[in-house]
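The exercises below ask you to read a protein model one feature at a time, each with a worked solution. Please keep the sequence and the structure in view as you go.

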Amino acid sequence: MATLVLTTIGSVVGGPVGGAIGALIGQTVDQRILSPKGRRGPRLGDLSVQTSSYGSAIPKLFGTMRVAGTVIWATDLAEAQQSGGGAKGQPQATAYSYSTSFAVALSGRRIRAVRRIWADGKLLRGSEGDWKTQTGFRLYHGDEDQPVDPLIASAEGIGSTPAYRGIAYAVFEDLQLADFGNRIPSLTFEVEADSGAVPIGAIIETLSSGAVSSGSGSEMVVGYAASGDSVRGAAEVLAGLGGMSISDDGAVLRLDDGADDVFVPGRNDLDAFANAEGAGRMQIERIAAGALPDEVAISYYEPARDYQAGLQRARRGGPGRRVDSIDLAVALHADAAKAAAERRLAQAWAARSRASLALPPRALGIREGANLRLPGEKATFRVAGWTLEHMVLKLQLAGTATTVTQTPVADPGRATSQADDAAGSTLLALLDLPPLDDGATTPRLWIAAGGAGRGWRKAQLLASLDGGTSYQGIGGTAQKALIGTTLGVLPTGDTALFDDRFTIDIELADPTMWLESRSDDALVAGENAAMIGDELIQFGKAQPIGTGRFRLGRLLRGRRGSEWAMAAHAIGERFVFLRAASLKPLDVPTSAIGTLVRVVGVGTGDATASEAEAKLTARALLPPAPVHLRAHRLTDGTIRIGWTRRSRLGWAWLDGADAPLGEEVERYRLAITVGAGPERIVETSAPWHDYLLAEQGADGAAGTIDVAVVQLGAVAASHPPARRQFSL
């Protein structure tokens, strides 16, 4: 260091006095090492706005900070298109999606990790490293031997791609932009450069490359972003924040608060100059109170509020018309920021007292920044400067504030940040639903998707109509669905009345989801519909029985012709609450009826893809099975077999008349079986059939006959057939 070298030269030439003079010259050189006064370091807003300008400063980060960074490389937007629709009576539709890849420089020195990431103020990456939007991500910590990023190299050429060694940066690959209005969002990063809080002295020592040594009383900060046009600017801001100063002890520059370096001139030194004009006597003057601040306001980054800008004030008991506002690119806890404001205000008023003092040459050991107190006096002054003239040391002094030993209590304010909820794995249900309305004209499956975590939002879907041989993208899922499993077996019940005998317990996959009870009128209007296995039910009561668990009662069973599924229930069946907003339609061609359809979904929380499959029967297009199968013998021995037709249209039965046919023509197929004999297949266009006496004889009718009836629809027959045995 210049101070050390010049102090040594001065001592050789002139002894102790020459050494002091050498140190004085050395201080001038050290000011040049720290660079002349200029910008005082980064202002508060510099870290919250992402830039991409050539030549933008990249801050050196210490501790933990939230920064926007600088975009150092980016691709154009990549467009992908997805075609769908085109089924009977529907136009072909094409949806477009966009993604982009880019790199963001975060720090000019090595970092340990990146924690949370925000996009347009919303969480893009949670504290557990889970992503809220699909993207590839790589982090380079700023090592001096870090490799070239392969994506950048593939786009720019390996010979034209820098490794940005010594710079910490992040690379996003194919960030999906649908969540951000198909534009590149503004990102901010929670960057951990050092573990835990960092001493101010250690920061200044690092920034000055060891030119400044940290002494006693070094304050701690949560984080700091060093940028600007001078090391001195950063050092002065940090030193002032901790109530410290940089002084020259003749060997090194030292950062301390001067508390352990109080110089008390001897009485002999004062008496020796008592007769000299101004020597040995302290001359004190006071600055007018109107020129001093009545309030100090410090803006900083508040860790308790996700590093949003915070403000702490210190006031005197006056009108508060003069405010000293300070922007700090420093992360502090509210109490520390409040203490810094009070310390700065107290120091400003203490420094109101200015003084000068003349001492003999042997007092040349007093350094700028040292504290001084006269014998018998309580007031302490800090040495603001000194000159040596005619072998008289003249000190310029400024009053110092009393050290505050108790940290004030401050309120950081309430955080308004988005909840950091994990997405969890994707759950898929592929539903071949019975007719929920009167508008179905083509085969259609419905996709319900949810997640095991509260933070699950959506997944991207692929569908296969050939049993998994090939897949085609079909876009994203609908809104989050309530999906769970049954904890018991739902017995067979009455389909005509409200069922208060039986209940069923279910457990939702996401324990934060909720089910509510509904009135009978609401059920009649179609609310609280759900699929349990293949049965469509409605429930009027939803009683919470534990975290994510409910007991469903006041049931309506076998809705929309699904009564056939009541006999197939088992423990652990799939439960899906039906809401239009949470169901995504998948239209399929009529030729796919009878095939196995598979759907694959990948969400941001999925380590592997989720799958669901269903055999397409086009239940919404099938007529419900006939009911009330009956038979009676006519006088000529003919057995007349009859039934009641049902329709997939007009479920409300508003006019009391017969339900509309719902099919192009009315047709039925009967299968009549006598004992172990062969089936007699008959088709009819009326809801009855006469089993003639001659036919009975040919079939060997005796004892009982088994009759099964289906209605033939435009797509397929009703499922399952209505079946009954009759005694002859």
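**Exercise 1. The protein as a whole**

How much area does the protein expose, and what share of it do carbon and sulfur atoms supply?

*Solution.* Keep in mind throughout that this is a predicted model. Step one is the surface: the protein exposes about 34700 Å², and 51% of that area is supplied by carbon and sulfur atoms. Step two is the interior, where buried residues make up 45% of the 728 residues. Step three is the secondary structure, which consists of eight helices and 44 strands. Step four concerns contacts with a separation of 6 or more, of which 68% are between residues 24 or more positions apart.

**Exercise 2. The span and surroundings of helix 6**

Work out whether the length of helix 6 agrees with its number of residues, and then find what its buried residues pack against.

*Solution.* Begin with the count: helix 6 covers residues 334-350, which is 17 residues, and at 1.5 Å a residue it should therefore span 24 Å. The C-alpha atoms at its ends are 24 Å apart, which agrees with that expectation. Next, list the residues of helix 6 that are buried, namely Ala-334, Ala-337, Ala-339, Ala-340, Ala-341, Leu-345, Trp-349 and Ala-350. To read such a list, recall that an α-helix has 3.6 residues a turn, so residues three or four places apart point the same way. Finally, look for the partners: the buried residues of helix 6 pack against helix 4 (231-241) and against four strands, which are strand 18 (295-302), strand 19 (308-315), strand 21 (353-359) and strand 24 (392-399).

**Exercise 3. Helix 4 and the nonpolar cores**

Establish how far helix 4 is covered, and then place it in the largest nonpolar core.

*Solution.* Helix 4 is mostly covered, since eight of its 11 residues are buried. These are Arg-232, Gly-233, Ala-234, Ala-235, Val-237, Leu-238, Ala-239 and Leu-241. After helix 4 comes Gly-243, whose phi is positive, near 65°. Turning to the core, the largest one has 35 residues, and those with the most contacts inside it are Ile-200, Ile-203, Tyr-224, Leu-241 and Val-330. Two or more residues of this core come from each of helix 3 (200-207), strand 13 (223-226), helix 4, strand 15 (253-256), strand 18, strand 20 (323-331) and helix 6. A second core of 27 residues is separate from this one, and includes Ala-119, Phe-189, Val-222 and Ala-331.

**Exercise 4. The two faces and two partners of strand 13**

Which residues of strand 13 are buried on each side, and which strands pair with strand 13?

*Solution.* Start from the rule that in a regular strand the side chains alternate between the two faces of the sheet. In strand 13, Gly-223 and Ala-225 lie on one side and Tyr-224 and Ala-226 on the other, and all of them are buried, which leaves both faces covered. Then consider the pairing: strand 1 (residues 60-67) joins strand 13 in the antiparallel sense over four bridges, and strand 20 pairs with strand 13, also in the antiparallel sense, over two bridges. Gly-223 serves as a useful landmark, as it stands opposite Gly-63 and also opposite Ala-331 in strand 20.

**Exercise 5. Salt bridges between distant parts of the chain**

Trace three salt bridges, and for each state where its two residues lie and whether they count as buried or partly exposed.

*Solution.* Side chains of opposite charge can pair when their charged atoms come close, and a search of the whole structure finds 36 salt bridges.

- Arg-112 and Glu-192 meet at 2.4 Å, N to O. Arg-112 is in the loop between strand 4 (92-107) and strand 5 (113-119), while Glu-192 is in strand 9 (residues 187-192), 80 residues apart. With a relative accessible area of 43%, Arg-112 is partly exposed, whereas Glu-192 at 9% counts as buried.
- Arg-115 and Glu-190 meet at 3.9 Å, N to O. Because Arg-115 lies in strand 5 and Glu-190 in strand 9, the pair ties together parts that are 75 residues apart in sequence. Arg-115 is partly exposed at 33%, and Glu-190 is buried at 5%.
- Lys-132 and Asp-420 meet at 3.4 Å, N to O, and are 288 residues apart in the sequence. Here Lys-132 is buried at 14% and Asp-420 is partly exposed at 30%.

As a last step, note that Arg-112, Arg-115, Arg-116, Glu-190, Glu-192 and Asp-306 are linked in a network of salt bridges.

Key. Residues numbered from 1 in each chain as written. Predicted model: local features only at pLDDT ≥ 70, side-chain atom pairs only at ≥ 80, totals over all residues. Heavy atoms only, no water. Expected span 1.5 Å × (residues − 1). Buried < 20%, exposed > 50% of the residue type's maximum accessible area, 1.4 Å probe, protein only. Contact = heavy atoms within 4.5 Å. Areas by Shrake-Rupley, 256 points an atom, 1.4 Å probe, with all protein chains shown as cover. Salt bridge = Lys/Arg side-chain N within 4 Å of Asp/Glu carboxyl O. Core = buried A, V, L, I, M, F, W, Y, C linked by side-chain atoms within 4.5 Å. Pairing = 2+ DSSP bridges.
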